[in-house]
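Thank you for making time for this. Please bring up the sequence and the model side by side, and I will talk through them from there.

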Amino acid sequence: MNHELRELKFSADCQKFHLAMLPAEQTPEVHGYFRELTGEISCVVPLPVEIWGLSELGLLLSPSRAKLPDAPDSSASPAIIVQIFLLYSPRMLLPGHSTLLPDGDHIGLDTAVPEPLLSLHKWSASIAEQVLFALDREEESNLILSPISSQPPG
């Protein structure tokens, strides 16, 4: 299994946000929240504790399709791939990913990656659910999503 960092290239229509968490309790509806994506979403996320000397990481949510394990037919359902990236220049993807599925009780994980990456991917899936919830139901969310301009300062 290849555990090397890969350079991240954002799609032209990628929505970019900086995420801040309010000190409120997470609403129960967030767990398992899912909606189909039409394009990529990138978020700069503050970490609850410093990891590897980092206080923030990036999350990339990408639309995908997946075959559900319990589905009676063989058609693919909407899914969301959640990847973690370092905020250095160039942006580098960490090995592994998590997958959000329409059945909110299940999250797909790339179990080929070792700890602590595996736990980090579990955490990123939970944050991704919160991001989707905040985009759809901002007034009920405990997140603040501030858009990041794609244009260079000038």
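I will go through confidence, strands, the helix, the cores, two unusual backbone spots and the aromatic pairs.

This is a predicted model, in which local features need pLDDT of at least 70 and side-chain atom pairs count only at pLDDT 80 or more, while totals for chains, interfaces and linings use all residues. Residues are numbered from 1 along each chain as its sequence is written, and side-chain values use heavy atoms, with hydrogens and water left out.

On confidence, pLDDT is the predictor's confidence in each residue, from 0 to 100. The protein chain averages 86, and 89% of the residues score at least 70. Among the elements, which are DSSP runs numbered from the N terminus (helices are H or I with at least four residues, strands are E with at least two), S5 has the highest mean pLDDT, at 94, and S8 the lowest, at 84.

Turning to the strands, where pairing requires that DSSP finds at least two bridges between them, S3 (residues 41–51) and S4 (residues 54–66) run antiparallel over seven bridges, with Val44 standing opposite Gly58 in S4. On its other pairing, S4 meets S5 (residues 77–86), again in the antiparallel sense, over nine bridges, and there Leu61 has Val82 in S5 as its bridge partner.

S3 and S4 form a hairpin with two residues between them, and in that turn Trp52 has a positive phi of about 55° although it is not a glycine. Most residues other than glycine have a negative phi, and most peptide bonds are trans. Trp52 counts as partly exposed at 48% relative accessibility, where buried means under 20% relative accessible area, exposed over 50% and partly exposed in between, with a 1.4 Å probe and protein chains only. The second spot is the peptide bond from Glu115 to Pro116, which is cis with omega near 5°, and Pro116 is found in the loop between S8 (107–109) and H1.

Helix H1 (residues 117–136) has 20 residues and reaches 29 Å from its first C-alpha to its last, close to the 28 Å expected, which is 1.5 Å times one less than its number of residues. Since 14 of its 20 residues are buried, H1 is largely enclosed by the rest of the structure.

What, then, lies in the largest nonpolar core, and which residues touch the most other members? A nonpolar core is a set of buried Ala, Val, Leu, Ile, Met, Phe, Trp, Tyr and Cys residues joined through side-chain atoms within 4.5 Å. The largest has 33 residues, of which Leu61, Ile80, Leu100 and Val131 touch the most other members, and H1 gives the most to this core, with ten residues. A second, separate core has five residues, including Leu8, Cys14, Phe85 and Leu93.

Finally, rings of Phe, Tyr and Trp (its six-membered ring) pair if their centres lie within 6.5 Å, with planes under 30 degrees apart stacked, over 60 edge-to-face and the rest tilted; the count comes to two aromatic pairs. Phe10 and Phe85 are edge-to-face, 5.7 Å centre to centre with 80° between the planes, and because Phe10 lies in the loop between S1 (6–7) and S2 while Phe85 lies in S5, the pair ties together parts 75 residues apart in sequence. Tyr33 and Phe133, with ring centres 5.2 Å apart and planes at 85°, are also edge-to-face, and both residues are buried.
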